[in-house]
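Student: Could you take me through one part of this model closely, the sheet, and then show me how the rest of the chain sits around that part? I would like the terms explained as we go.

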Amino acid sequence: MTPAEIIASANVTDPERFVKSSLTGFITFAKIDFNCPHCGKKYSDEDDKYVNRCNSNKDFCTSIKCDCGEKFKMTYDITGKAVSWK
Ligand SMILES: [Zn+2]
């Protein structure tokens, strides 16, 4: 399949296809929004900055210093959803 065919056949309501698409690397339906658990500030990993930081870490998570002055950790779970915690 070409990337265009995968995009054309993509159906985000099908969980199995959702995972397969994520694994191809061509396209993902990852949820890239997450919030600071301290102040609730919204983050969006649009330029893959945080996922790349996760990938470069052995434990596949990264710590972020928020504007509120607190630090928190974030990672992506197995379904490609961004999660954050204190
Ligand atoms: Zn914050």
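Tutor: Gladly; we start with how to read the model, then look at the sheet, and then move outward.

Residues are numbered from 1 along each chain, in the order in which its sequence is written. This is a predicted model, in which local features need a pLDDT of at least 70 and side-chain atom pairs count only at 80 or more, while totals for chains, interfaces and linings use all residues. The score called pLDDT is the predictor's confidence in each residue, on a scale from 0 to 100. For this chain the mean pLDDT is 78, and 65% of the residues reach 70 or more.

Now the overall plan. The chain has three helices and five strands, and along the sequence they follow the pattern α-α-β-β-α-β-β-β. Both kinds of element are DSSP runs numbered from the N terminus: helices are H or I with at least four residues, and strands are E with at least two.

Here is your sheet. It is open and has three strands in the order E3-E4-E5, with antiparallel pairing. Two strands count as paired if DSSP finds at least two bridges between them. Strand E3 (62-65) and strand E5 (82-85) are the edges, each pairing on one side only. On average, neighbouring strands in this sheet are turned by 35° against each other, direction ignored. For such angles, axes are lines fitted to C-alpha atoms (for helices, over the stretch in contact), and the values run from 0 to 180 degrees between N-to-C directions. As background, strands of a sheet pair through backbone hydrogen bonds, either parallel or antiparallel.

Let us zoom in on E3 and its partner. Strand E4 covers residues 71-76 and pairs with E3 over four bridges. In one of these pairings, Lys65 has Lys71 in E4 as its bridge partner; elsewhere, Ser63 stands opposite Lys73. The hairpin of E3 and E4 has five residues between the strands, and Gly69 there takes a positive phi near 95°.

Stay with Lys73 in strand E4 for a moment. Beyond its neighbours within four places in sequence, Lys73 is in contact with Cys61, Ser63, Ser84 and Trp85. Contact here means that the C-beta atoms of two residues, placed from the backbone, lie within 7 Å. Lys73 also lies 6.2 Å from Lys86, C-alpha to C-alpha, although 13 residues separate them in sequence. Why does Lys73 count as partly exposed? The reason is its 15 C-beta neighbours inside 10 Å. A residue is buried with 20 or more other C-beta atoms within 10 Å of its own, exposed with 12 or fewer, and partly exposed in between, again with C-beta atoms placed from the backbone.

Strand E4 also leads us to the largest nonpolar core, which has eight residues: Phe34, Cys36, Tyr50, Val51, Phe72, Met74, Tyr76 and Ala82. E4 gives the most to this core, three residues, and the elements giving two or more are helix H3 (49-55) and E4. A nonpolar core is a set of buried Ala, Val, Leu, Ile, Met, Phe, Trp, Tyr and Cys residues joined through C-beta atoms within 7 Å. Over the whole chain, buried residues make up 10% of the 86 residues.

From the core, Phe34 links outward. Not counting residues up to four places away in sequence, Phe34 touches Tyr43, Met74, Ala82, Val83 and Ser84. Tyr43 lies in strand E2 and, with the nearest four places in sequence left aside, is in contact with Asp33, Phe34 and Asn35. Tyr43 counts as partly exposed because it has 18 C-beta neighbours inside 10 Å.

Two loop residues frame H3. Asp48 lies in the loop between strand E2 (42-44) and H3, while Phe60 is found in the loop between H3 and E3. Both are residues other than glycine with a positive phi: near 60° for Asp48 and near 50° for Phe60. Asp48 counts as exposed because it has 12 C-beta neighbours inside 10 Å, and Phe60 counts as exposed with 12 as well.

Finally, a word on confidence. The highest mean in the chain belongs to E3, at 96, and the lowest to helix H2 (residues 15-24), at 48. Over residues 11-21, pLDDT stays under 50.
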